[in-house]
Amino acid sequence: MIENSTTKVVILNAPPSSGKDEVAKTFLKFNTPAPRGTVNSVMFSHKEFKSQLIRLTKTIWGIPDDLWDQLYTRENKETPSPFLGNMSPRQALIHTSETVIKPNYGKQYFGHFAAKTLNPGIVNVFSDGGFPDEVIPVVDTVGMENILIIRIHRPGFDFSSDSRDYLAD
């Protein structure tokens with residue numbers, strides 16, 4: 001664990017398409033660099049537990065970045081694609097995570113990767129929290145006192161199409 005960590009973590013926990021990325025972008029609007037000669041600043045960085053998952057999924061399926069960007073949009077995320085064996089991008093991510101990576105490398109794999117990417121001294125805002133096992137390595141790195149989990153509830157949105165869920169206390 002980082003002793004007396006100034007590294008903070010916010011984990012947004014909500015169902016798919018309920019606004020997590022928009023909330024994360026809002027945090028970034030409040031970045032305030034320290035005035036010259038002072039150390040009083042608040043800086044935010046947008047992170048995702050799934051960043052490594054996306055890289056691995058693209059590699060497994062041989063999907064170049066530009067094609068992935070076309071497939072993984074708000075409009076197409078749930079649409080089956082022949083490039084992904086007739087799975088939707090979300091289904092391909094879930095398959096890679098739950099069938100390929102976690103059974104072979106452990107349920108904390110993506111959390112360990114996320115912990116290694118933390119930016120020290122700032123607030124790291126994860127917009128896709130939903131697996132307790134992924135949060136544990138981040139807690140071990142910065143300490144529970146440096147983590148805030150925000151559960152977002154939006155009427156009409158649930159986890160039925162996702163393998164994540166609300167994080168327990």
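The lining of the largest pocket in this predicted model is made up, by class, of two nonpolar, five polar and ten charged residues. The pocket holds about 280 Å³ of space, and of the 17 residues that line it, Ser17, Asp21, Lys50, Arg74 and Lys77 lie nearest its centre. Among the elements of the chain, helix 1 gives the most to this lining, with four residues.

Besides this pocket there is enclosed space to consider. Rolling a probe the size of a water molecule over the atoms shows where empty space is left. A search of the whole structure finds one cavity of 30 Å³ or more, and about 230 Å³ of space lies in the largest cavity. Its lining counts 16 residues, and those closest to the centre of the cavity are Lys50, Leu53, Phe131, Asp162 and Arg164. Lys50 is thus named both among the residues nearest the centre of the largest pocket and among those closest to the centre of the largest cavity. The largest share of the cavity lining, five residues, comes from helix 4, which spans residues 89-105. By class, the cavity lining divides into seven nonpolar, two polar and seven charged residues.

The volumes and linings can be set side by side as follows.

| Space | Volume | Lining residues by class |
|---|---|---|
| Largest pocket | about 280 Å³ | two nonpolar, five polar, ten charged |
| Largest cavity | about 230 Å³ | seven nonpolar, two polar, seven charged |

Residues named in these linings also take part in contacts between charges and rings. Lys77, one of the residues nearest the centre of the largest pocket, lies over the face of Tyr72, at 4.7 Å from the ring centre. Phe131, one of the residues closest to the centre of the largest cavity, has the charged end of Lys102 over its ring, 3.5 Å from the ring centre.

Aromatic rings also pair with one another, and the count comes to six aromatic pairs. In one of them, the rings of Phe27 and Phe44 have their centres 5.3 Å apart and their planes at 55°, and the pair is therefore tilted. Because Phe27 lies in helix 1 (residues 20-28) and Phe44 in strand 2 (residues 44-47), this pair ties together parts that are 17 residues apart in sequence. Phe27 and Phe44 are both buried. The rings of Phe159 and Tyr166, by contrast, have their centres 5.0 Å apart and their planes at 85°, so this pair is edge-to-face. Phe159 is buried, with a relative accessible area of 11%, whereas Tyr166 is partly exposed, with a relative accessible area of 25%. Elsewhere, ring pairs link Tyr105, Tyr109 and Phe110 into a cluster.

The loop between helix 1 and strand 2 is the place of Lys29, a residue that is exposed, with a relative accessible area of 69%. Lys29 and the buried Phe44 are 15 residues apart in sequence and 8.6 Å apart in space, C-alpha to C-alpha.

As for the chain as a whole, it has six helices and four strands, and from the N terminus on its elements run β-α-β-α-α-α-α-β-α-β. Of its 169 residues, 42% count as buried. Its C-alpha atoms fill a box of roughly 55 × 35 × 30 Å, taken along the principal axes. For 169 residues, a compact globule would have a radius of gyration near 15 Å, and the 17 Å of the chain agrees with this.

Key:
Residues numbered from 1 in each chain as written. Predicted model: local features only at pLDDT ≥ 70, side-chain atom pairs only at ≥ 80, totals over all residues. Heavy atoms only, no water. Phe/Tyr/Trp six-rings, centres within 6.5 Å; stacked < 30°, edge-to-face > 60°. Helix = DSSP H or I, 4+ residues; strand = E, 2+ residues; numbered from the N terminus. Buried < 20%, exposed > 50% of the residue type's maximum accessible area, 1.4 Å probe, protein only. Lys NZ or Arg CZ within 6 Å of the ring centre and 35° of its normal. 1 Å grid on protein atoms, 1.4 Å probe; cavity = no way out; pocket = protein on both sides within 12 Å on 5 of 7 lines; lining within 4 Å. Points joined across faces, edges and corners; volume = space filled by probe spheres on them. Nonpolar A, V, L, I, M, F, W, Y, C, P; charged D, E, K, R; others polar. Rg over C-alpha atoms; globule rule 2.2 N^0.38 Å.
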